[in-house]
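Let's take a walk through this structure together, starting with a pair of rings and working outward from there. Keep the view open beside the text and turn it as you read.

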Amino acid sequence: MDDKETPRVGAAVRRRRRALSLTLAAVAERSGLSVPFLSQIENERARPSTRSLECIADALKTTAVELLDAGDATRTVDVVRAAARGDDPAAPPGVRPLVRGEHQMHADEFTGDHDAGRELVLRNDALLYVADGSVEVEAEGRAYRLERGDTLYLSGGVRHRWRASSGAATRVLVVSVAPHMGTAE
């Protein structure tokens, strides 16, 4: 494997560390590695050995595989074309994933009606944006009506449900911290 094919994990390590609100010193203490070495990894001036990467992953409450996957240079830029609607057979009808693969961000576009009967509790924070139409949202016992251009922020753990109130003319974008990302304990 040449240098261009070697996964770069520095940015993934930095994003994960910041998501957990940890300093380099805290990760160094947890991993047994030095602050300068961790800084070099984050700035792509050093590549960790398998053992060092496992120590870093443990300190960041994740796995080496997830860090490698998040650091995969071939996935840093990915265009999902509007014409690709329905290309994902795993997506339910009316739902189009806007981000492919496992990343720190998860995003879906919902069109048309949405099942209001299902109460959701997301592990991490999410943002609901009404691109077209209107929706009715119930969150933590309160009702909200959102119109085109409105957003609703939900912190992780908030019980909610929503439904399209303008039927097929509704288009909603839901962007969230990916489910596989943990929160600081």
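**Starting from a ring**

Phe110 has a relative accessibility of 16%, so it counts as buried, the cut-off being under 20%. Please keep in mind that we are looking at a predicted model. Trp162 counts as buried as well, because its relative accessibility is 4%.

These two residues belong together in another way. The structure holds one aromatic pair, and Phe110 and Trp162 are the residues that form it. Their arrangement is edge-to-face, with 5.3 Å from centre to centre and 90° between the planes. If you follow the chain from one ring to the other, you will find that the pair links distant parts of it: Phe110 sits in strand S2 (residues 105–111) and Trp162 in strand S8 (residues 159–164), 52 residues apart.

Strand S8 is a good place to move on from. It takes part in an open sheet of four strands, ordered S3-S8-S5-S6 and paired antiparallel. At the edges stand strand S3 (120–121) and strand S6 (142–147); each has a single partner strand, so one side of each is left without a neighbour in the sheet. Further in, S8 and strand S5 (residues 134–139) run antiparallel and are joined by five bridges. To find one spot along S5, look for Glu136, whose bridge partner in S8 is Arg163.

Now step back to the whole chain. It has five helices and nine strands, and from the N terminus on the order is α-α-α-α-α-β-β-β-β-β-β-β-β-β. Of its 185 residues, 36% count as buried. Among the contacts with a separation of 6 or more, 64% come from residues 24 or more positions apart. The accessible surface comes to about 10900 Å², and carbon and sulfur atoms account for 51% of that.

Let's finish among the helices, with helix H2 (residues 24–31). Which residues of H2 are buried? They are Val27, Ala28 and Ser31. These three cover an arc of only 105° around the axis, which puts them on the same side of H2. What covers the buried residues of H2 includes helix H1 (10–19), helix H3 (35–42) and helix H4 (50–59). Just after H2 comes Gly32, which takes a positive phi of about 80°.

Conventions. Residues numbered from 1 in each chain as written. Predicted model: local features only at pLDDT ≥ 70, side-chain atom pairs only at ≥ 80, totals over all residues. Heavy atoms only, no water. Buried < 20%, exposed > 50% of the residue type's maximum accessible area, 1.4 Å probe, protein only. Helix = DSSP H or I, 4+ residues; strand = E, 2+ residues; numbered from the N terminus. Arc of directions from axis to C-beta. Contact = heavy atoms within 4.5 Å. Phe/Tyr/Trp six-rings, centres within 6.5 Å; stacked < 30°, edge-to-face > 60°. Areas by Shrake-Rupley, 256 points an atom, 1.4 Å probe, with all protein chains shown as cover. Pairing = 2+ DSSP bridges.
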